[in-house]
Amino acid sequence: MEKELLTTTTGSVTLNVTAGKIDSYRRKDETQNTVRVYEDGKIGVAGSLGDADWEALTAAAVEALSNGITYPCNLEANQGELDTSCGILSGEEFLPAMQRLLDRITAECPRFGISNKIQLARFTTTYQNSKGASLKASDAYLLLSLVFQNKGAGNLYDCAYGAQLRAYDEDAVVADCKKLHDAFYTDVDIEAGEYPVLCGFFDVLGSAIQHLVAEMYVSGASLFSGKLGQQVANAAFSLYDDRDPRTNPGSCFFDDEGQVAPDYRQPIIKNGVLTNLLVTKNTAAMFGLPPAATSGAAYDGVPSLTLSGFRMDQTHASVAELTKGKSILVLIASGGDMTPDGHYATPVQLAYLVEDGEIKGRLPELNIAGDFFDLIGDRYLGSAPNTLLPSMRDSFMACKMQVTK
């Protein structure tokens with residue numbers, strides 16, 4: 001009988017923000033424990049919260065083998081430890097520092113009403129198995145999730161600032177919020193046509209992710225079906241599941257089955273070639289697909305799929321290099337979808353005009369559209385760090401899309 005042991009300890013303090021003031025906070029500390037056992041091609045799982053009684057959990061997992069859940073035992077002896085939990089703000093500093101930040105944003109952005117959440121979080125995750133694996137990851141990060149209401153407009157929200165940070169620079173956050181504010185109240189316009197669109201991959205093309213799931217791929221219903229190992233995108237296009245906390249704060253460098261991707265980033269599309277799909281060890285074995293280190297699991301459940309966060313190879317050093325002339329920065333887009341043959345379209349509730357790497361003002365509500373394989377193929381322009389709003393740490397991809405009003 002083989003065995004896996006997992007423990008995750010998390011802690012967070014979440015501040016609730018209303019009208020630019022912290023009106024409440026919530027502290028949460030939790031430990032989750034998991035035992036998985038494997039015998040005769042079957043898996044048994046047991047989990048608990050709080051301090052672990054490993055003998056009792058193991059006995060419960062062994063008993064769960066009688067459920068007859070088929071799962072391959074393919075354990076690895078990976079070793080490693082990565083602690084990126086550098087101090088951001090101490091518990092004593094956190095609340096006064098965040099209220100000071102909100103006061104400064106209120107002063108610099110007088111026409112915005114500010115609300116939503118701020119969170120300081122940390123975690124430690126360990127993984128061990130009977131083959132000798134020993135993995136440990138620790139990280140801490142600050143999550144700023146602020147929504148801005150145009151005072152007097154009556155909308156739930158009109159603009160937003162979001163960042164997940166491992167290093168905090170108050171001046172940089174205030175400066176970027178002011179950029180969002182000032183541009184929001186500077187009306188600009190463009191003619192309908194084809195323009196470079198700046199966005200995050202998931203923000204606009206997230207509906208394509210389901211097509212990378214193993215089950216959908218092998219069923220023939222995926223846009224990518226039959227294309228593993230083939231060129232599916234521009235040679236400059238590479239897409240990774242990023243488990244490196246140094247570039248994706250709050251992520252764990254190994255997945256819940258103890259797998260570690262090369263350089264902590266699993267390539268899904270590499271230099272335009274589809275190299276991997278989203279699999280667990282079970283679906284990889286079932287369908288004869290390569291492993292991908294993309295497994296997650298509830299503390300008391302059988303492994304399933306997870307994504308830590310997307311990252312792209314950056315092809316340009318700045319947005320100014322990435323797009324020349326006029327381009328469109330998508331900030332809020334919801335309600336879009338993709339047809340089964342890959343045509344994508346979405347309304348854009350908030351977009352800014354960018355010209356030669358500088359934000360010029362707020363555009364009227366738009367619609368953007370394009371064919372998925374064109375957007376990552378011939379119409380893909382590249383990716384660059386977020387030099388427009390650098391405190392948010394996101395990078396942008398750019399592709400030419402049809403824009404209508």
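**Figure 1. The largest nonpolar core of this predicted model.** There are 47 residues in this core, and F201, L205, F237, I269, I328 and F372 are the ones that touch the most other members. If you're looking for the main contributor among the elements, go to strand 23 (residues 395-404), which gives the most to this core, with four residues. Another core lies apart from it and has 46 residues, including V17, L165, L329 and Y352.

**Figure 2. Close-up of F237 and its contacts.** Back in the largest core, F237 belongs to the group that touches the most other members. With neighbours within four places in sequence set aside, F237 is in contact with F201 and I269, and also with K270, N271, G272, M312, I376 and Y380. Two of those partners, F201 and I269, are themselves on the list of core residues with the most contacts to other members.

**Figure 3. An open sheet of four strands, in the order 12-11-10-15.** The pairing here is antiparallel. Strand 12 (273-274) and strand 15 sit at the edges, each pairing on one side only. Inside the sheet, strand 10 (residues 239-242) and strand 11 (residues 265-270) run antiparallel and are joined by four bridges. To find the register, start with D242, whose bridge partner in strand 11 is R265; then take Y240, whose partner in strand 11 is P267.

**Figure 4. The hairpin of strand 11 and strand 12.** These two strands pair in the antiparallel sense over two bridges, and I269 has L274 as its bridge partner in strand 12. Two residues lie between the strands, and N271 in the turn has a positive phi of about 50°. I269 and N271 also turn up among the contacts of F237.

**Figure 5. Helix 3 (residues 170-184) and its N-terminal cap.** Quick sanity check on the geometry: at 1.5 Å a residue, the 15 residues should span 21 Å, and the end C-alpha atoms are 21 Å apart, so the two agree. D169 caps the N-terminal end, with a side-chain oxygen 3.2 Å from the backbone nitrogen of D171. The buried residues of helix 3 are E170, V173, V174, D176, C177, L180, H181, A183 and F184. When you look at how they're spread along the helix, keep in mind that an α-helix has 3.6 residues a turn, so residues three or four places apart point the same way.

**Figure 6. V204 in helix 4 (residues 201-205).** V204 counts as buried because its relative accessibility is 3%, with the cut-off for buried being under 20%. Leaving out neighbours within four places in sequence, its contacts are C199, V330, Y344 and I368. For a sense of scale, V204 and K3 are 201 residues apart in sequence and 41 Å apart in space, C-alpha to C-alpha.

**Figure 7. T346 in strand 18 (residues 343-348).** T346 has a relative accessible area of 3%, so this residue is buried. Its side chain reaches the backbone nitrogen of G336 at 3.2 Å. Beyond the neighbours within four places in sequence, T346 is in contact with A333, S334, G335 and G336, plus L366, N367 and I368. I368 is also a contact of V204.

**Figure 8. S318, in the loop between strand 15 (310-312) and helix 7 (319-322).** Is this loop residue buried or exposed? S318 counts as buried because its relative accessibility is 17%. Not counting residues up to four places away in sequence, S318 touches A384, P385 and T387. Strand 15, which comes before this loop, is one of the edge strands of the sheet in Figure 3.

Conventions. Residues numbered from 1 in each chain as written. Predicted model: local features only at pLDDT ≥ 70, side-chain atom pairs only at ≥ 80, totals over all residues. Heavy atoms only, no water. Buried < 20%, exposed > 50% of the residue type's maximum accessible area, 1.4 Å probe, protein only. Contact = heavy atoms within 4.5 Å. Pairing = 2+ DSSP bridges. Core = buried A, V, L, I, M, F, W, Y, C linked by side-chain atoms within 4.5 Å. Expected span 1.5 Å × (residues − 1). Polar contact = N/O pair within 3.5 Å; in protein donor to acceptor, adjacent residues only side chain to side chain.
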